[in-house]
Amino acid sequence: MSVERNTRAIEGSVVTDFEDRMSYGGYLDLETLLSAQRPLSDPEHHDELLFIVQHQTTELWLKLVLHELGAACRLLREDQLAPALKCIARVKHIQKTLTEQWSVLATLTPAEYGQFRGVLGNASGFQSAQYRAVEFTLGNKNAGMLRVFASDPSAHALVKTALEEPSLYDEFLRLLARSGYPIPADVLERDVTTAWTYSPELVPVFTEIYRDPEAHWAAYETCEELVDLEDNFQLWRFRHLKTVERIIGLKTGTGGSSGVPFLQRALDLTFFPELYAVRTEL
């Protein structure tokens with residue numbers, strides 16, 4: 001095969017002069033983005049770049065998750081359920097991508113990680129403000145976490161805002177109440193800065209919805225979308241735990257946690273307990 005036949009000609013209409021035009025790299029600010037990976041090991045260890053890219057990519061996806069969840073909360077407040085569900089559907093796809101990413105980090109062996117782990121100091125994913133804001137937006141709130149971000153005003157503001165605003169579940173329950181469902185007043189008037197706790201009074205409401213999906217289709221569909229969110233989140237947590245266990249075993253975390261046992265306890269946390277409890281009633 002000749003070289004000419006194995007080369008695609010550039011069409012004459014393709015723009016190649018970007019002296020005063022917007023380019024792909026300019027639009028995405030790739031100079032900034034691709035210069036943000038700065039390994040600290042000396043001499044630089046080959047696998048530290050993987051570790052950095054994995055976590056920076058996660059933070060980019062978390063930024064989009066927060067963007068979509070924030071929009072979903074606003075749309076629920078405005079009784080615009082259909083576009084809110086579109087936002088939630090996008091979050092579900094992002095969650096799957098985030099879970100799959102752990103398989104890349106899992107290629108890092110204990111010996112490889114051990115050669116640069118020391119340069120992390122006390123840096124840990126536990127300190128991710130965006131991750132914490134996502135958890136808070138879904139209802140797992142803990143005001144004590146604010147002190148982790150006391151030295152970073154912007155991170156502290158992000159987490160504090162997520163703490164003080166109603167969660168996605170709060171907004172959904174308020175929408176149900178406005179739609180005529182008998183949501184208890186104490187649920188609607190609860191302190192939204194506290195973690196959601198199981199409310200048995202809600203189970204009969206969801207039981208009615210689940211026993212006749214066709215009559216309550218919008219509410220039923222939203223319930224199932226929320227269950228998907230929680231299911232995906234738990235899969236992410238589990239995959240995180242197993243990746244950490246695979247790489248460092250039962251060592252303590254760089255941030256001071258017990259490591260795997262600490263992550264294991266997170267699997268007991270739930271966002272929407274009544275949506276699981278209703279299944280027992282059916």
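1. In this predicted model, the side chains of Asp170 and Arg190 are joined by a polar contact of 2.8 Å. Asp170 is found in helix 8, and it counts as buried because its relative accessibility is 3%, under the 20% that sets the limit for that class. Leaving aside residues up to four places away in sequence, Asp170 touches Arg190, Val192 and Trp196, so that Arg190 appears both as a polar partner and in the list of contacts.

2. Glu171 also belongs to helix 8, which runs over residues 168-178, and with a relative accessibility of 1% it counts as buried. The side chain of Glu171 makes a polar contact of 2.8 Å with the side chain of Arg77. Beyond residues up to four places away in sequence, Glu171 touches Cys73, Leu76, Arg77 and Pro166. A colleague tracing the acidic residues of helix 8 may therefore wish to view Asp170, buried at 3%, alongside Glu171, buried at 1%.

3. How much of helix 8 is buried? Of its 11 residues, 8 are buried, and helix 8 is therefore largely enclosed by the rest of the structure. The buried residues are Leu168, Tyr169, Asp170, Glu171, Phe172, Leu173, Leu175 and Leu176, a list that holds the two acidic residues discussed above, Asp170 and Glu171. After helix 8 comes Gly180, which has a positive phi near 105 degrees.

4. Cys73, which was named among the contacts of Glu171, leads to the question of the cysteines. The structure holds 0 disulfides. Why is Cys73 not bonded to Cys87? The sulfur of Cys87 is the closest cysteine sulfur to that of Cys73, but the separation is 9.7 Å, which is too far for a bond, given that a disulfide requires sulfur atoms within 2.5 Å. Cys223 is likewise in no disulfide, and the cysteine sulfur nearest to its own, that of Cys73, is 16 Å away. Both residues are nevertheless enclosed, since Cys73 counts as buried at 6% relative accessibility and Cys223 is buried with a relative accessible area of 0%.

5. The second largest pocket has a volume of about 220 Å³. It is lined by 14 residues, and those closest to its centre are Gly70, Thr137, Thr161, Ala162 and Glu165. Two or more lining residues come from each of helix 3 (48-77), helix 6 (129-138) and helix 7 (153-164), and helix 3 gives the most, with 6 residues. By class, this lining is made up of 7 nonpolar, 3 polar and 4 charged residues.

6. A search of the whole structure for cavities of 30 Å³ or more finds 1. The largest cavity has a volume of about 120 Å³, and its lining consists of Leu62, Val65, Leu69, Val91, Gln95, Leu98, Tyr131, Val134, Leu138, Phe233 and Trp236. The elements that give two or more residues to this lining are helix 3, helix 4 (81-105), helix 6 and helix 11 (217-248). What classes of residue make up the lining of the largest cavity? The lining divides into 10 nonpolar residues and 1 polar, with no charged residue, whereas the lining of the second largest pocket has 4 charged residues.

7. Some backbone features in the loops deserve a separate check. The peptide bond that joins Asp42 and Pro43 is cis, with omega at about 0 degrees, and Pro43 has its place in the loop between helix 2 (30-33) and helix 3.

8. Positive phi values are also found at two aspartates. Asp29, although it is not a glycine, has a positive phi of about 50 degrees; it is found in the loop between helix 1 (24-28) and helix 2, and its relative accessibility of 40% is why it counts as partly exposed. For Asp79, again a residue other than glycine, phi is positive and near 60 degrees. Asp79 has its place in the loop between helix 3 and helix 4, and it counts as partly exposed because its relative accessibility is 46%.

Technical notes
Residues are numbered from 1 along each chain as its sequence is written. This is a predicted model: local features need pLDDT of at least 70, side-chain atom pairs count only at pLDDT 80 or more; totals for chains, interfaces and linings use all residues. Side-chain values use heavy atoms; hydrogens and water are left out. Helices (H or I, at least four residues) and strands (E, at least two) are DSSP runs, numbered from the N terminus. Buried means under 20% relative accessible area, exposed over 50%, partly exposed in between (1.4 Å probe, protein chains only). A polar contact is a pair of N or O atoms within 3.5 Å; within protein, one must be able to donate a hydrogen and the other to accept it, and residues adjacent in sequence count only if both atoms are side-chain atoms. Contact means heavy atoms within 4.5 Å. On a 1 Å grid over the protein atoms alone, a cavity is a set of points where a 1.4 Å probe fits but cannot get out, and a pocket is an open set with protein on both sides within 12 Å along at least five of seven lines; lining residues have an atom within 4 Å of a point. Grid points are joined across faces, edges and corners, and a volume is the space filled by probe spheres set on the points. Ala, Val, Leu, Ile, Met, Phe, Trp, Tyr, Cys and Pro count as nonpolar, Asp, Glu, Lys and Arg as charged, and the others, Gly among them, as polar.
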